[in-house]
Amino acid sequence: MTPLSPPEPHNPDGETRRVGVEIEFAGLPPRDTAELVRDLFGGEMVVVSAHRLKVQGTRWGEFVIELDTQYAHPDSEVLDAKPKDDTEWTRQRHQMRVDFHTRTRELIGDVVTGLVPTEIVCPPVPWDELGELDALFVGLREHGAKGTDASLLYGFGLHLNPEVPSLEVESLLDHLRAYLLTAEWLREQIDVDITREVLPHANPFAKPYALKVLAPNYAPDLDTLIGDYLEDNPTRNRELDMTPLFAHLRPDYPHELFHNKLVKARPTFHYRLPDARLSEPGWGSVTEWNRWLEVEKLAADKELLHKRSASYVAKHTRSPLARLWLRMRGWVGNA
């Protein structure tokens, strides 16, 4: 499958926009997965800890492969801590604590392997090279990796991190509005797995927030856009998570989410909705990229965007009596 071109193929610096890809799955532990990545894309495999590995020096950069739970990995605060003084006894006690912590986390990882997913965090890839990255999904399928639909317990997802075409607040607002208007269609096209619908990781936006953003007179500056978003969405668990982008634009913004180490500031949209459909031949990052582009196409068509926004607001702010009247007119018209 060929990745389609976005309306704006370049980033604000005039370079080809890149897309970060993250995929969760079961059935293949991190070391075997890292070996697969290395075999496909070259580079050098580096063992960071028992359940976290990297493949460095590929054509695109660094792949990170790990069990998707922080409790399987040594805490950097423990590893980076220094002894309180320079006495031999203090140094030995400190090293014993580090060794015990590392071994404990390794044992936790051994226990939960098979219960929590393996995750691959790919380096940013130019959008027109996503087809080449999709060799990874073919390889995972051939090596027995299991996606979302392999079990009711597997709430696995694929995340796309498309680099934004512009950092101007008007463009960000257009894309957020376009997503709110396209979200229902995306859910239908993806046919989101029931397990992922129940889990909170990719929750939809609430209607009151959508109405606020889609209102014709809504013209916020950046801080207002961020503040309104966080007031209604004080979480990472949205189908389109804007916190990494906002943290990149306003790293000193006074909100606890921006100090959460799980929020990685970057100039991208963090699109969390797609399932990990590894059981479907031909499925991969290109499939979901091409679907995502419906958001970007709508954002680029300002006339249509404004028209659809106004229709959404009108539809969802009618009184119950007006909705009943329109429904009765429809029944009469179809009689």
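This report describes a helix, a nonpolar core and a surface region of one predicted model.

The model is predicted, so local features need pLDDT of at least 70 and side-chain atom pairs count only at pLDDT 80 or more, while totals for chains, interfaces and linings use all residues. Residues are numbered from 1 along each chain as its sequence is written, and side-chain values use heavy atoms, with hydrogens and water left out.

Helix α11 covers residues 285-300, where helices are DSSP runs of H or I with at least four residues, numbered from the N terminus. Its 16 residues should span 22 Å at 1.5 Å a residue, and the 22 Å between its end C-alpha atoms agrees with this; the expected span is 1.5 Å times one less than the number of residues. Because 12 of the 16 residues are buried, α11 is largely enclosed by the rest of the structure. Here buried means under 20% relative accessible area, exposed over 50%, and partly exposed in between, with a 1.4 Å probe and protein chains only. Among the buried residues of α11 are Trp-289, Trp-292, Leu-293 and Val-295.

Val-295 has a relative accessible area of 0% and is therefore buried. Beyond its neighbours within four places in sequence, Val-295 is in contact (heavy atoms within 4.5 Å) with His-175, Ala-178, Tyr-179, Thr-182 and Leu-186. Val-295 and Pro-6 are 289 residues apart in sequence, yet their C-alpha atoms are 9.8 Å apart in space.

The largest nonpolar core, a set of buried Ala, Val, Leu, Ile, Met, Phe, Trp, Tyr and Cys residues joined through side-chain atoms within 4.5 Å, has 81 residues, and Phe-63, Ile-120 and Tyr-179 have the most contacts inside it. Helix α6 (residues 169-190) gives the most to this core, with 10 residues. Leaving aside neighbours within four places in sequence, the contacts of Ile-120 include Phe-63, Val-21, Ile-65 and Leu-140, as well as the residues Glu-22 and Thr-33.

Two exposed residues lie in the stretch that follows α6, as the table sets out.

| Residue | Place | Relative accessibility |
|---|---|---|
| Asp-191 | loop between α6 and α7 | 55% |
| Ile-194 | helix α7 (residues 194-198) | 55% |

Asp-191 has a phi near 55°, a positive value in a residue other than glycine. Ile-194 forms a nonpolar surface patch with Leu-152 and Val-198, and together they have about 350 Å² of accessible area.

Note on methods
Helices (H or I, at least four residues) and strands (E, at least two) are DSSP runs, numbered from the N terminus. Patches are made of residues with over 30% relative accessible area and no salt bridge: like charges are joined within 9 Å, nonpolar side chains (Val, Leu, Ile, Met, Phe, Trp, Tyr) within 5 Å. Accessible areas come from the Shrake-Rupley method with a 1.4 Å probe; for residues, only the protein chains shown count as cover. A salt bridge is a side-chain nitrogen of Lys or Arg within 4 Å of a carboxyl oxygen of Asp or Glu.
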